[in-house]
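Biologist: I would like a close look at a single helix of this protein, with its setting described as well. Please take me through the helix and whatever lies around it.

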Amino acid sequence: MTVRIFTRRRGPIAPLAILVLTSGLLAGCGGSSSGPSITLYNGQHEQTTDSLVEGFEKQTGIKVNVRNDDEDTLADEIVTEGSNSPADVVYTENSPALEYLQGKGLLAPVEPSTLAHTPSKYNSPQGDWLGVSARVSVLIYNPSLIGASELPRSVTELADPKYGGKLAFAAGETDFQPIVTSYARTYGEAAALKWLEAIKSNAGSHVYPDNETIADEVNRGAVAFGVVNQYYWYRMRAELGASNVPSKIAYFAPRDPGYVLDVSSAGILKSSRHQADAQKFLAFLVSKQGQEIIAHSISFEYPIASGVGTTAPETPFDQLQPNPITIPELGDGSTAIALLRKSGLL
């Protein structure tokens with residue numbers, strides 16, 4: 001049985017729906033008779049954002065109008081909209097989308113007092129966006145199809161022909177791009193392209209649209225193992241119950257290029273007409289209250305600000321051993337996208 005744990009991707013929106021949505025966003029961007037409001041372009045998982053928005057609105061009385069879509073789609077829309085964008089804040093799953101917008105000169109500086117809540121290595125080096133939470137890449141596998149000892153220890157091994165027909169990954173996921181970037185920085189772009197071509201061949205029909213599908217397919221035994229971020233598995237287990245989740249997760253070897261820490265991030269548009277309220281929203285995300293919401297929610301992401309730790313049954317954050325690639329080295333994702341296109345995966 002295939003079960004969707006949480007939603008993120010959506011089909012095309014009808015023209016009338018776009019008109020209604022745009023009108024609503026523009027109205028929200030301008031405030032309302034009942035009080036101040038901001039517009040949030042949200043590329044994070046909706047359940048995570050909904051909990052944070054609810055807490056922020058209750059604390060401040062500022063309404064948040066949310067526009068949900070994939071982070072890469074939202075980033076491209078913001079670039080197209082330019083100074084006319086109705087967005088005040090953009091919230092993403094990964095840092096490259098914010099680095100991309102920063103490179104276009106579209107982000108406003110975050111208040112230093114807010115940046116100080118998150119360790120500096122998880123924030124924009126230029127101070128134009130801040131880290132909110134984190135997740136780490138893992139292997140999800142079905143023990144009935146592959147044993148733990150048979151799993152690859154390095155991301156390079158995914159290209160081994162012995163994994164033909166056993167591997168699943170989501171080439172179009174923005175979560176996968178940091179792994180490609182990490183590989184390319186470690187071994188070079190030429191090697192990364194050969195690696196992508198090899199894992200494309202190994203996966204065959206198991207190149208899926210998103211990590212939710214990978215988790216579903218591995219769990220039901222349609223494919224042996226796949227590459228996802230850790231929280232997909234924990235969310236699936238929380239939703240279905242441990243007895244209905246035969247799949248397990250495993251980590252790549254410490255500091256392997258495939259063992260990547262992704263930082264969920266938020267920034268304010270330079271064009272926002274509600275700078276003060278937008279700054280309040282960012283401050284809430286990394287406040288103790290905001291981080292506690294993440295720690296106690298179905299998010300299963302790692303809080304990284306205000307000294308808050310996760311309460312979830314996960315490997316403790318300080319025990320993770322990811323590849324020490326930095327935020328600037330992960331960049332804006334353009335290298336990964338180019339390689340994925342050259343390999344025919346995008």
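Modeller: What follows begins with the whole protein and then turns to one helix. This is a predicted model, in which local features need pLDDT of at least 70 and side-chain atom pairs count only at pLDDT 80 or more, while totals for chains, interfaces and linings use all residues. Residues are numbered from 1 along each chain as its sequence is written, and side-chain values use heavy atoms, with hydrogens and water left out.

The protein has 13 helices and 10 strands, these being DSSP runs numbered from the N terminus (helices H or I, at least four residues; strands E, at least two). Its radius of gyration is 20 Å, close to the 20 Å that the globule rule gives for 346 residues, so the protein is as compact as a globular protein of that length; the radius is taken over C-alpha atoms, and the rule is 2.2 Å times the number of residues to the power 0.38. Of the 346 residues, 55% are buried, meaning under 20% relative accessible area with a 1.4 Å probe and protein chains only.

Helix H11 covers residues 288–295, and its buried residues are Gly290, Gln291, Ile294 and Ala295. Seen down the axis of H11, these residues fall within an arc of 140°, so they line one face of the helix; the arc is that of the directions from the helix axis to the C-beta atoms. The buried residues of H11 pack against helix H2 (46–60), strand S5 (129–141), helix H10 (275–285) and strand S10 (302–303), where contact means heavy atoms within 4.5 Å.

Conventions
Buried < 20%, exposed > 50% of the residue type's maximum accessible area, 1.4 Å probe, protein only.
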